[in-house]
Amino acid sequence: MIPLPTASPVVTRGAHFYLSHELSYQDAGPANGPIVLLLHGMASDSTTWHRAILDLAGRGFRVLAPDLLGHGRSAKPVDTYELLDFSASMYSLLSAVTDIAVEPGRRVVVVGHSFGGAVAMQLAHRHPELISHLVLVSAGGLGQKVHPLLRAATLPGAQSVVRLLANRRTAAMYRHPRLHRSLRLSPDAVLSLSRAGRGLSSPESRSAFFQTLRMAIAPTGQRGSMLELEDVSLTLPTLIIWSADDRVVPVAHAHDTHAHLSRSTLRIFPGSTHQPHHHSSRRFVDALTSFLTDER
């Protein structure tokens with residue numbers, strides 16, 4: 001049974017070192033609760049899960065939301081941006097801050113958004129004994145199609161353009177309320193813009209972004225499908241959440257994945273956001289809780 005809600009969950013910040021690189025993470029909920037690992041996408045960080053962290057912790061889950069290598073408050077090394085590096089760093093984090101390594105049978109619900117979905121699939125593929133459920137939210141790595149801007153960002157010269165548009169001097173402009181009003185941006189869009197600006201404002205973060213991007217995406221689109229590579233277990237209970245009109249990764253990837261995975265559940269939310277976990281956080285947490293309850 002899913003634990004009953006607890007009152008006033010507290011979110012703390014922690015740090016773990018993977019190959020001498022510092023990983024920052026948020027931690028909330030009871031230490032003995034079911035573990036949920038939340039993995040964000042590119043040019044983002046763990047704050048994208050803020051609403052979901054509080055809700056999940058309030059329902060009795062132990063929630064871990066790291067900043068992936070090269071993102072947020074985590075280290076931005078010169079290299080180590082292959083998918084295996086991200087997966088290995090998450091395994092290292094789980095082993096260090098939870099008791100899964102010493103408590104037989106205790107496993108993790110791993111949730112991945114966008115690029116974090118590819119990391120989640122790789123983690124489940126490499127360490128199936130640790131993963132009880134997989135949740136893919138507008139996930140990358142499930143087909144070739146992706147927004148043209150991301151494809152264009154892999155072309156020669158794109159890094160110079162981004163350096164001119166996103167740096168420490170332009171960051172203040174992007175935070176200005178007058179710009180938000182003139183563009184008629186919603187509060188959620190403002191948060192996403194600010195998060196992306198933070199993620200691209202320094203030379204180290206831009207280098208990390210482009211290395212990660214070019215590992216996952218080519219000018220022609222995403223580099224293959226993890227389904228075709230058989231990196232996704234056909235027997236692992238999997239929840240797929242997408243927006244009906246996602247502009248970044250098409251919803252067709254959700255339907256194709258659902259048809260491919262025999263133990264999958266599909267939830268399509270209305271709207272066009274690429275961040276249904278944030279835009280519709282209560283619906284997201286309800287869908288996740290219901291999925292876990294049904295599968296227990």
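Helices and strands are here DSSP runs, numbered from the N terminus, with at least four residues required for a helix and at least two for a strand. The structure is a predicted model. On this basis, the protein chain contains 12 helices and 10 strands. Of its 296 residues, 55% are buried. Among contacts between residues at least 6 apart in sequence, 76% join residues at least 24 apart.

The pLDDT averages 87 over the protein chain, and 83% of the residues reach a score of at least 70. Residues 1-5 stay under 50, and the model gives this segment 15 contacts beyond four places in sequence. Where pLDDT is low, the predicted coordinates should not be read in detail.

Strand E9 comprises residues 238-243, and Ser 243 is part of it. The relative accessible area of Ser 243 is 0%, and the residue is therefore buried. Beyond its neighbours within four places in sequence, Ser 243 contacts Ser 138, Val 251, Ile 268, Phe 269, Gly 271, Ser 272, Thr 273 and Pro 276. One of these partners, Phe 269, also carries a charge over its ring: Arg 283 lies over the face of Phe 269, at 5.5 Å from the ring centre.

The loop between strand E10 (264-269) and helix H11 (276-279) holds His 274. With a relative accessibility of 14%, which falls under the 20% limit, His 274 counts as buried. Its contacts, apart from residues up to four places away in sequence, are with His 113, Ser 114, Ser 138, Asp 246, Val 248 and Val 249. Ser 138 thus appears among the partners of His 274 as well as among those of Ser 243. The side chains of His 274 and Ser 114 are joined by a polar contact of 2.9 Å. Val 249 lies 25 residues from His 274 along the chain, with a C-alpha separation of 7.6 Å.

Two non-glycine residues show an unusual sign of phi. Most residues other than glycine have a negative phi. Ala 43, however, has a positive phi near 55 degrees, and Thr 80 has a positive value of about 60 degrees. Both residues are found in loops: Ala 43 between strand E3 (35-39) and helix H1 (50-58), and Thr 80 between strand E4 (62-66) and helix H2 (83-97). Ala 43 is buried, with a relative accessible area of 17%. Thr 80, at 17% relative accessibility, also counts as buried.

Helix H2 has 15 residues, for which a rise of 1.5 Å a residue predicts a span of 21 Å; the C-alpha atoms at its ends are 22 Å apart, in agreement with that expectation. Its buried residues are Leu 83, Asp 85, Phe 86, Ser 87, Ser 89, Met 90, Ser 92, Leu 93, Leu 94 and Val 97. In the loop that connects H2 to strand E5 (108-113) lies Gly 105. Gly 105 has a relative accessible area of 70% and is therefore exposed. The C-alpha atoms of Gly 105 and Leu 130, residues 25 apart in sequence, are 8.1 Å from each other.

Four aromatic pairs are present in the structure. One of them joins Tyr 81 to Phe 86 in a tilted arrangement, with 6.1 Å between the ring centres and 45 degrees between the planes. Tyr 81 is buried at 3% relative accessibility, and Phe 86 is buried with a relative accessible area of 0%. In the pair of Phe 209 and Phe 210, the ring centres are 5.1 Å apart and the planes meet at 75 degrees; the pair is therefore edge-to-face, since planes over 60 degrees apart fall into that class. Tyr 81 and Phe 86 also belong to a cluster in which ring pairs link them with Phe 115.

Phe 209 and Phe 210 are both buried and both occur in helix H9. The 14 residues of H9 (203-216) should span 20 Å at 1.5 Å a residue, and its end C-alpha atoms are indeed 20 Å apart. In addition to the two phenylalanines, the buried residues of H9 include Ser 205, Arg 206, Ala 208, Thr 212, Leu 213, Met 215 and Ala 216.

Notes: Residues numbered from 1 in each chain as written. Predicted model: local features only at pLDDT ≥ 70, side-chain atom pairs only at ≥ 80, totals over all residues. Heavy atoms only, no water. pLDDT = per-residue confidence, 0-100. Contact = heavy atoms within 4.5 Å. Buried < 20%, exposed > 50% of the residue type's maximum accessible area, 1.4 Å probe, protein only. Expected span 1.5 Å × (residues − 1). Polar contact = N/O pair within 3.5 Å; in protein donor to acceptor, adjacent residues only side chain to side chain. Phe/Tyr/Trp six-rings, centres within 6.5 Å; stacked < 30°, edge-to-face > 60°. Lys NZ or Arg CZ within 6 Å of the ring centre and 35° of its normal.
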